[in-house]
Amino acid sequence: MPSDEVVRDTIAAIATPAGRGGIGVVRVSGPDVPRIAQAILGGLPEPRVATFSALGDVDEGIALYFPAPHSYTGEPVLELQGHGGPVVMQALLGACLDAGARLAEPGEFTRRAFLEGKLDLAQAEAVADLIDATTREAARSALRSLAGEFSSAVAALVAQLTELRALIEAMLDFPEEEVDPLHAKDAAARLARVREALDAVLAKSRQGSLLRTGVHVVLAGRPNVGKSSLLNRLAGDERAIVAPVPGTTRDALREPVQIEGVPLVLVDTAGLRRDADAIERLGMERTWRELESADVVLAVREAGSNAAVPEGLPQRAMRIDVYNKLDLAPDFRVPAGAVGVSAKTGVGLDRLRQSILEAVGWSATGESVFLARERHLRALESARGHLTTAVTEVHRWELFAEELRLAQAALGAITGEVRADDLLGEIFARFCIGK
Ligand SMILES: Nc1nc2c(ncn2[C@@H]2O[C@H](COP(=O)(O)OP(=O)(O)OP(=O)(O)O)[C@@H](O)[C@H]2O)c(=O)[nH]1
Ligand SMILES: [Mg+2]
């Protein structure tokens with residue numbers, strides 16, 4: 001990886017996905033772009049004007065030139081749009097490499113954009129999140145982060161902290177007994193306001209993180225209670241085999257679905273019972289493993305049957321008690337807190353979907369959420385920890401100021417103001433090549 005020094009080499013990569021397509025794009029960024037354009041196009045195209053040209057002796061297509069600093073990376077950028085076949089694209093990339101470019105590493109274009117100050121770190125991450133979004137809701141949220149909504153919210157917190165720190169620094173110049181009690185009161189009130197604002201950002205970030213990671217929902221229960229039928233209903237498709245014989249499902253089956261834009265992975269499992277044959281027992285072992293990593297467990301049983309759910313369902317995950325086959329037991333009274341459904345008629349499924357969202361803490365407030373990464377959540381929580389400690393240090397102003405400084409540093413790590421180089425490597429290595 002290149003270091004942060006200003007003189008960089010020129011990188012090139014195929015920016016479109018591998019395979020055949022109408023158009024394929026090779027992207028080049030760096031100081032050698034004019035020389036490479038000369039070699040491949042016979043000259044630099046007019047800035048930002050789509051220019052039809054021969055692309056070396058490989059293809060013909062459109063060339064686009066973005067002079068620095070008005071480009072994605074902030075460096076001179078050349079985009080070559082040729083025909084999107086793997087051979088053509090490889091040859092075009094090869095021509096760029098022959099002309100002096102180096103093959104880009106994953107995420108290197110975006111890394112340069114960050115180093116050139118075109119994007120902050122949270123925005124750079126939003127680029128990858130937008131590409132990786134699995135639902136429309138996640139994509140919308142990523143786009144908002146890319147536009148800087150999350151970064152501004154963090155910056156607003158940092159600004160509040162900076163102001164408060166300035167106030168405290170001024171107080172530090174006086175001996176404790178001379179500090180105006182009004183100032184002390186003011187500082188405490190301001191701290192309370194920052195904490196409130198931080199809590200709001202944290203709540204939106206926790207919600208949004210669900211859109212990134214997806215939620216593991218495991219269906220578990222005794223055989224034949226209708227777990228596979230429920231999965232099919234929720235997935236809107238006949239994915240799992242359903243049969244009247246107990247012990248139908250052996251392997252755990254995963255099915256991605258979404259509820260109100262929240263991506264979930266539904267996991268159907270082998271029913272749990274005592275006297276099972278060898279293969280079914282192997283299936284049951286898998287069920288227990290799935291249960292260990294579940295975010296939500298749907299504990300399914302038959303309405304009106306006396307059979308309890310199997311013992312030992314984990315407590316860690318959120319659990320929803322589901323009574324299925326309500327159509328067979330019309331008089332059955334669903335216990336409070338549980339959900340009654342019929343996989344056959346579809347009754348109660350909307351209620352079940354809502355319960356799943358509630359269980360993971362999703363509330364459809366219509367307010368925008370932040371598509372936060374684990375890294376962001378940890379930073380916000382750490383900042384929150386320091387502010388909580390600060391509350392107890394009111395009147396010990398030096399310690400108070402130190403906690404504020406630490407909180408600010410934690411927040412600065414989100415946007416990359418405060419950063420460690422190994423963090424950059426870690427973040428950008430997960431990008432695709434050409435981005
Ligand atoms: N009437 C009625 N029958 C249902 C309902 N849900 C499932 N069934 C039937 O119950 C039987 C078992 O359904 P499955 O979905 O295979 O049950 P399972 O819990 O996955 O069973 P195993 O895989 O063996 O653990 C099938 O004959 C289904 O058609 C329901 O809501 N109403
Ligand atoms: Mg089944």
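How are H6 and H12 oriented to each other, roughly parallel or roughly antiparallel? The structure under discussion is a predicted model, and the geometry of this helix pair offers a convenient point of entry. Helix H6 spans residues 149–172 and helix H12 spans residues 397–415. Where the two pack, the angle is about 160° and the axes lie 9 Å apart. Since angles over 145 degrees count as roughly antiparallel, H6 and H12 are therefore roughly antiparallel to each other. The crossing in which H6 passes H12 is left-handed.

From the helices the account turns to the strands, with E5 as the point of reference. Strand E5 comprises residues 77–84 and is mostly covered, six of its eight residues being buried. Strand E2, residues 21–29, runs antiparallel to E5 and is joined to it by eight bridges. Within this pairing, Ser29 stands opposite Val77 of E5. Strand E4, residues 59–66, also pairs with E5 in the antiparallel sense, here over five bridges. In that case Leu64 is the residue that stands opposite Glu79 of E5.

The magnesium ion, ligand 2, comes next. Its protein donors are the OG atom of Ser228 and the OG1 atom of Thr249, which lie 2.0 Å from the ion. These two residues link distant parts of the chain, being 21 residues apart. Ser228 belongs to helix H8 (residues 227–235), whereas Thr249 is located in the loop between H8 and strand E8 (253–259). Are these donor residues buried or exposed? The cut-off for a buried residue is under 20% relative accessible area. Ser228 has a relative accessibility of 9% and therefore counts as buried. Thr249, at 13% relative accessibility, likewise counts as buried.

The cysteines complete the picture. How many disulfides does a search of the whole structure find? The search returns zero. Cys96, for its part, is in no disulfide, and the nearest cysteine sulfur, that of Cys432, is 18 Å away. Why does Cys432 not form a bond with Cys96? The criterion for a disulfide is a pair of cysteine sulfur atoms within 2.5 Å. The sulfur of Cys432 has its closest cysteine sulfur in Cys96, and because the distance is 18 Å, the two are too far apart for a bond. The surroundings of the two residues can also be described by their accessibility. Cys96 is buried, with a relative accessible area of 0%, while Cys432, at 39% relative accessibility, counts as partly exposed.

How values were computed. Residues are numbered from 1 along each chain as its sequence is written. Chains are lettered from A and ligands numbered from 1 in the order in which they are written. This is a predicted model: local features need pLDDT of at least 70, side-chain atom pairs count only at pLDDT 80 or more; totals for chains, interfaces and linings use all residues. Side-chain values use heavy atoms; hydrogens and water are left out. Donors are N, O and S atoms within 2.8 Å of the metal (3.2 Å for Na, K and Ca); water is not among the atoms, so sites may look incomplete. Helices (H or I, at least four residues) and strands (E, at least two) are DSSP runs, numbered from the N terminus. Buried means under 20% relative accessible area, exposed over 50%, partly exposed in between (1.4 Å probe, protein chains only). Two strands pair if DSSP finds at least two bridges between them. Axes are lines fitted to C-alpha atoms, for helices over the stretch in contact, and angles run from 0 to 180 degrees between N-to-C directions. Angles under 35 degrees count as roughly parallel, over 145 as roughly antiparallel, 65 to 115 as roughly perpendicular and the rest as oblique. A crossing is left-handed if the near helix is turned anticlockwise from the far one by less than a right angle, and right-handed if clockwise.
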